[in-house]
Amino acid sequence: MSVATHETSMGLDHRKLAMWIFLASEFLFFGAFVSAYLLYLDTTNRGPGVEIFDIPFTSVSSFVLLMSSLTMVLAHNSHVRGDMRGMRLWILATAGQGMVFLGGQVYEFTVFFREGLDLTQSPFASSFFFLTGFHGAHVFIGVLILLGLYSLSLTGKVKVGQDVKTEMVGLYWHFVDIIWVIIFTVVYLIPELRVGG
Amino acid sequence: MADTTQAGAPAEAEGGADGHHPTQQEYIRIAVVLAILTALEVSTYYFEFGRAALPLLIVLMAIKFVMVAGFFMHLRFDTKLFGRFLYTGLAWAVVLYTLTLLVFVVDANQ
């Protein structure tokens with residue numbers, strides 16, 4: 001049980017309620033970008049298309065992000081058990097994996113740019129960079145929040161019993177992960193089936 | 001100190017406020033299953049699955065989504081209202097953008 005509960009009239013923590021509403025609304029944001037990507041999938045202006053994707057590389061990035069969800073939930077689990085040292089360790093591991101994912105995305109964008117795929121090259125390129133870049137911005141914000149939580153824990157401002165704070169950060173982080181589960185399949189793997197076939 | 005471990009509380013704390021959350025070992029097992037599902041997804045790039053590839057990828061994506069949301073985001077253990085928010089938001093987005101894409105497709109075919 002949290003030290004300070006902020007319950008609504010429904011008996012729910014209003015911070016968690018707000019986070020869930022925020023996350024639900026985020027689907028509309030990402031849905032718009034995924035739709036634009038699907039719509040412009042073949043509009044490449046004779047430039048590079050989906051064949052430019054490096055699936056083995058993106059698979060490793062996806063795996064890293066997926067495993068960051070494990071370390072995030074272990075951080076929350078440690079916090080719930082009052083193990084603040086363990087919580088901080090797992091938070092750092094999560095932030096580290098987030099940074100590895102972002103590094104992979106920067107590398108991927110750089111390779112694409114060198115091969116002629118830039119933001120204004122075609123509607124396909126624009127929709128791809130906006131979708132994956134928008135997700136990358138979410139990961140970047142998530143890393144900042146994780147490092148903020150780590151700092152607050154280190155200075156004693158996030159204490160034992162305040163595990164709802166770690167849970168809230170976790171909800172955001174897991175959401176970023178499940179969005180990538182969708183992006184990895186819809187943006188990378190499914191279009192590759194057409195190239196392969 | 002912030003590092004205090006409350007030795008007397010872990011039995012209840014393990015499960016959080018409602019006492020039903022998985023243990024660390026269970027979380028690791030869930031992650032292993034997610035890793036296997038991801039490997040299966042990636043295998044569609046290396047091996048020929050024919051017409052089964054597309055439905056397979058969609059099913060695997062859905063399973064991974066539900067597993068992360070259910071276990072890691074605790075939807076299986078929290079109040080159902082949170083799950084309704086998440087899945088309503090998702091359903092609303094899917095319906096809205098499917099209809100939007102259909103308008104473009106129909107328009108292109110005319």
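H1(A) and H4(A) run roughly antiparallel to each other (angles over 145 degrees count as such, under 35 as roughly parallel, 65 to 115 as roughly perpendicular and the rest as oblique). In this predicted model, local features need pLDDT of at least 70 and side-chain atom pairs count only at pLDDT 80 or more, while totals for chains, interfaces and linings use all residues. Residues are numbered from 1 along each chain as its sequence is written, with chains lettered from A and ligands numbered from 1 in the order in which they are written.

Helix H1 (residues 14–39) of chain A packs on helix H4 (residues 123–154) of chain A at about 155°, axes 8 Å apart. On the H1(A) side sit A:Phe33, A:Val34, A:Ala36 and A:Tyr37, and these meet A:Ser127, A:Phe128, A:Phe130, A:Leu131 and A:Phe134 in H4(A) (contact is C-beta atoms, placed from the backbone, within 7 Å). That contact comes out at 8 nonpolar residues, 1 polar and no charged.

Turning to the two chains, chain B and chain A each put 46 residues into their contact. Among the helices that each supply at least two residues on the chain B side are H2 (24–46) and H3 (53–72), but H4(B) gives the most, with 13 residues.

As for A:Phe57, this residue lies in helix H2 (residues 55–80) of chain A. A:Phe57 is partly exposed, with 13 other C-beta atoms within 10 Å (20 or more would make a residue buried, 12 or fewer exposed). The C-alpha atoms of A:Phe57 and A:Glu108 are 8.5 Å apart, with their positions 51 residues apart along the chain.

Notes
Axes fitted to C-alpha atoms, helices over the stretch in contact; angles between N-to-C directions. Helix = DSSP H or I, 4+ residues; strand = E, 2+ residues; numbered from the N terminus. Nonpolar A, V, L, I, M, F, W, Y, C, P; charged D, E, K, R; others polar.
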